[in-house]
Amino acid sequence: MPTTHFRTCPLCEATCGLKITVDGDRVTDVRGDKDDVFSLGFICPKGAKLGDLDQDPDRLRGPLVKRDGQFAEVSWEEAFAEVERGLAAVRAAHGNDSVALYLGNPSVHAMAGPVFNGVLAKALGTRNVYTASTSDQMPKHVSCGYLFGDPYSIPVPDIDRTDHLLMLGANPLESNGSLCTAPDFPGRLKALRARGGRFVVVDPRRTRTADLADEHLFIRPGADAVFLFALVHTLFDENLTADVPDVVRGVEELRVLASKFTPETVATACGIDAGTIRQTARDLAAAPAAAVYARIGTTTAEFGTLSSWLVDALNVLTGNLDRPGGAMFPSSATRATYVKRKPFRTGRWASRVRGLPEALGELPTATLPDEIETPGEGQVRALVTVAGNPASSAPNAARFGAALADLEFMVCVDPYLNETTRHATVILPPPRVTQSPHFDFGLTQFGVRNFANYSSPALPLPDGRPSEAEILARLALIAAGQGASADPRGLEEMMLGGLLAKAVKVEGSPVYGRDPAELRPLIDGDGPLERFLDLSLRLGPYGEGFGVDESGLRLTTLLANPHGVDLGALRPRLTEVLSTADGKLQLCPPEFAADVPRLLSWLADRPHGMVLIGRRHLRSNNSWMHNVPALVTGSNTCTLHINPQDAEKLAVGAGQRVLVMSRTGSVEVAVEPTDKIMPGVVSLPHGWGHDQPGVRMSVAGNTDGVNVNTVTDESVLDVLSGTAVFNGVPVELKVV
Ligand SMILES: Nc1nc2c(c(=O)[nH]1)N[C@H]1C(S)=C(S)[C@@H](COP(=O)(O)OP(=O)(O)OC[C@H]3O[C@@H](n4cnc5c(=O)[nH]c(N)nc54)[C@H](O)[C@@H]3O)O[C@H]1N2
Ligand SMILES: Nc1nc2c(c(=O)[nH]1)N[C@H]1C(S)=C(S)[C@@H](COP(=O)(O)OP(=O)(O)OC[C@H]3O[C@@H](n4cnc5c(=O)[nH]c(N)nc54)[C@H](O)[C@@H]3O)O[C@H]1N2
Ligand code: SF4
Ligand SMILES: [Mo]
């Protein structure tokens with residue numbers, strides 16, 4: 001008998017509710033759940049193919065261990081024993097820092113990662129922690145960390161109530177949104193226009209999002225920081241700033257800094273005339289409520305942190321930060337607000353080889369190959385990866401892959417044998433999506449409405465098959481020296497006990513002064529992730545508080561509401577968020593001001609030749625969805641978008657092949673002339689190129705694509721955050 005299950009889609013940041021039909025152990029139908037409180041039935045082609053992904057025959061069913069260069073199927077016990085041997089040998093010989101940890105993108109989307117990855121990192125006791133954040137959004141964390149004191153309090157555009165949206169470097173019609181969880185982003189943008197609002201897109205490509213907008217400005221890649229500075233300047237210059245509240249410090253310092261960036265000075269660099277820049281600032285200031293929102297086109301860029309900062313500076317100066325219709329701070333149901341946070345800063349330590357500053361306890365992923373290749377005390381000799389494919393996703397991927405091949409030991413928690421895991425000694429595959437529970441610990445922090453939604457597994461785990469939570473817990477126990485056969489329950493008790501012990505000591509916590517031993521038996525849930533969720537919900541801002549508010553949230557509330565719980569529109573909460581040393585909003589942090597001379601030198605001496613940028617397609621998701629036949633057809637191709645003028649200069653037509661060359665390497669691709677991209681700029685999507693030896697992805701392996709990160713450059717970074725530069729990469733083209 002087929003059964004129906006309501007589940008949150010774990011594939012991207014939109015958190016759509018899905019209605020999944022399961023027959024036996026197969027998914028037979030997936031559609032949007034129209035009763036989902038947040039997504040109201042929206043679904044995209046990836047969600048619709050969740051079944052194909054779930055039952056992909058190439059997904060690894062059990063662990064693999066490499067013996068004499070070949071992967072062999074082994075039992076889980078053997079695999080964990082091999083991990084213990086491998087890690088212990090490297091650590092005994094070279095110390096804790098010789099083992100690095102890399103956490104990839106789905107470690108935020110799968111429920112186990114947010115609960116266990118922190119413990120795993122701690123147990124490894126290494127400074128060599130790397131994540132996909134430094135290939136993505138780290139500039140925004142650093143910016144919010146210095147401005148507001150909390151790197152995780154990132155304002156999102158209040159898209160459902162705004163009158164004016166200025167969007168830079170984001171393409172939610174393909175990506176469905178990022179650092180802004182808004183299921184049916186396209187519908188929300190259409191609604192904004194339908195109610196008379198205005199929406200402007202700044203992008204070197206006229207994307208599907210730009211097509212929907214009132215206005216699209218082509219911007220030269222990498223110029224966002226100077227463009228945003230010129231908007232800030234115009235607000236001051238034309239007396240367009242709103243009354244800035246007393247809690248904001250640094251207005252005058254920002255005005256002085258911005259005075260160097262007049263629209264006239266930056267116009268050529270941006271490819272946008274000064275009059276349009278001024279008008280953009282005027283429109284922003286004139287709107288009753290407006291929001292500036294910027295994403296990956298601005299963060300994986302050389303001045304990612306400055307751009308991220310200036311976006312929120314504009315929100316503050318136009319009076320739009322923390323007000324309905326402006327840029328607001330969501331409040332996650334599992335993030336306690338009573339916790340006192342230490343003031344944020346980066347650079348508490350530096351990477352060994354390049355001396356790059358730490359941010360959020362991580363080092364830049366771009367520098368991991370340096371740490372593997374360079375001999376000396378602290379050299380990385382082993383690697384643990386969880387849900388990551390850095391041999392595809394990191395800059396100068398070829399060098400990255402070669403560095404992985406040089407390691408003494410590598411263990412990967414990953415369902416596929418792909419570009420990265422082919423270098424592993426041990427692969428530990430997590431179970432299928434339908435066999436795993438789901439809750440978005442991370443994304444509830446970025447919702448355009450406050451919400452909470454838990455999905456229980458649709459299918460049971462086969463006997464003896466560890467969940468992803470158990471895999472991570474056992475890795476942490478091995479790393480902590482407890483051995484491959486230590487009971488994960490012990491670790492869980494320690495974690496729950498630790499959280500309770502902290503909570504009872506903080507004034508303002510709902511359980512202040514109570515006894516952890518009395519509270520522990522009250523925690524609900526069938527598994528460790530559910531128990532962790534129950535505890536976090538009950539201590540969270542809407543929580544039941546262990547009896548304080550009977551109507552408050554707890555696991556049972558979510559179990560009783562399979563379509564999710566709507567916690568309402570965003571509400572102003574800046575005072576709750578601010579956790580800087582002096583409790584003020586730092587509009588002009590000295591750390592950022594110190595990076596402005598670098599921006600000025602760029603302005604004076606910037607690349608004038610051809611530059612490369614990225615692009616996303618609705619039917620891809622980074623590197624790991626090209627093995628689903630239905631997702632790799634039609635327009636989802638790895639071609640080089642080029643403006644027809646540039647194609648004509650090169651004398652190439654559609655389908656002809658060119659070599660894209662950079663400092664780090666070259667790739668050969670077919671061109672696709674389109675006036676949707678501005679002259680002087682070419683674009684390639686990332687996540688392709690699956691034809692490397694040993695990759696076991698039969699569909700992806702036959703796709704015609706190259707890895708764009710062969711030509712991206714690990715030596716150039718957004719200095720303040722250590723983030724890789726994927727946009728604005730200087731390249732040369734040669735017809736082959
Ligand atoms: N040139 C260029 N490069 C880019 C980007 C770009 O725009 N241009 N984008 C960057 C961005 S934004 C990001 S986030 C990074 C992503 O960088 P990564 O996270 O390193 O790469 P992904 O391709 O997302 O790989 C995800 C891995 O997780 C595995 N996986 C999938 N589901 C699960 C699961 O449930 N559990 C576990 N354990 N594993 C799972 C997949 O098999 C895959 O190996 O790439 C970055 N790289
Ligand atoms: N379908 C699909 N959805 C995804 C993903 C995916 O791979 N495919 N990946 C997921 C991940 S990991 C993330 S982080 C999000 C990212 O979500 P988004 O940030 O919305 O990502 P993109 O669609 O790449 O949009 C970035 C836009 O920036 C533009 N751009 C490039 N360079 C510049 C520049 O210098 N300045 C400006 N202003 N714009 C520039 C590009 O042309 C592109 O249109 O998407 C997530 N969702
Ligand atoms: S938009 Fe994202 S969350 Fe929604 S169905 Fe598609 S992949 Fe899943
Ligand atoms: Mo990302």
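How many nonpolar, polar and charged residues does the shell around ligand 3 have? By class, that shell holds 6 nonpolar, 3 polar and 1 charged residues. The model is a predicted one, and this account goes through its ligands in turn.

The residues around ligand 3 can be listed in full: Cys-9, Leu-11, Cys-12, Ala-14, Thr-15, Cys-16, Cys-44, Lys-46, Gly-47 and Asn-176. Cysteine is counted here as nonpolar, so Cys-9, Cys-12, Cys-16 and Cys-44 fall in the nonpolar class, together with Leu-11 and Ala-14. Glycine is counted as polar, which means that Gly-47 joins Thr-15 and Asn-176 in that class. The charged residue is Lys-46.

Ligand 2 has 29 residues around it, and those that come nearest are Ser-175, Asp-203, Asp-224, His-617 and Ser-620. Which parts of the chain supply this shell? Domain 2 (138-333 + 582-597) and domain 4 (608-735) each give at least three residues. Among the helices, α7 (172-175) and α14 (296-299) each contribute at least two. Sorted by class, the shell around ligand 2 has 8 nonpolar, 13 polar and 8 charged residues.

Some contacts of ligand 2 can be followed atom by atom. A nitrogen atom of the ligand lies 2.7 Å from a backbone N or O atom of His-617, a residue already named among the nearest. With Arg-616 the side chain takes part: one of its N or O atoms is 2.9 Å from a nitrogen atom of ligand 2. At Gly-222, a polar backbone atom is 2.9 Å from an oxygen atom of the ligand. Is ligand 2 mostly buried or exposed? Taken alone it exposes 920 Å², and the protein buries 98% of that area.

Ligand 1 is also surrounded by 29 residues, with Tyr-102, Asn-105, Asp-414, Glu-468 and Ser-623 as the closest. Its shell divides into 14 nonpolar, 11 polar and 4 charged residues.

Two asparagine side chains approach oxygen atoms of ligand 1. An N or O atom in the side chain of Asn-418 is 2.8 Å from an oxygen atom of the ligand, and for the side chain of Asn-622 the distance is 3.3 Å. Val-413 takes part through its backbone, where an N or O atom lies 3.0 Å from a nitrogen atom of ligand 1. How much of ligand 1 does the protein bury? Of the 920 Å² that ligand 1 exposes when taken alone, 95% is buried by the protein.

Key: Residues numbered from 1 in each chain as written. Chains lettered and ligands numbered in written order. Predicted model: local features only at pLDDT ≥ 70, side-chain atom pairs only at ≥ 80, totals over all residues. Heavy atoms only, no water. Near = heavy atom within 4 Å. Polar contact = N/O pair within 3.5 Å; in protein donor to acceptor, adjacent residues only side chain to side chain. Areas by Shrake-Rupley, 256 points an atom, 1.4 Å probe, with all protein chains shown as cover. Helix = DSSP H or I, 4+ residues; strand = E, 2+ residues; numbered from the N terminus. Domains from an automatic or database assignment.
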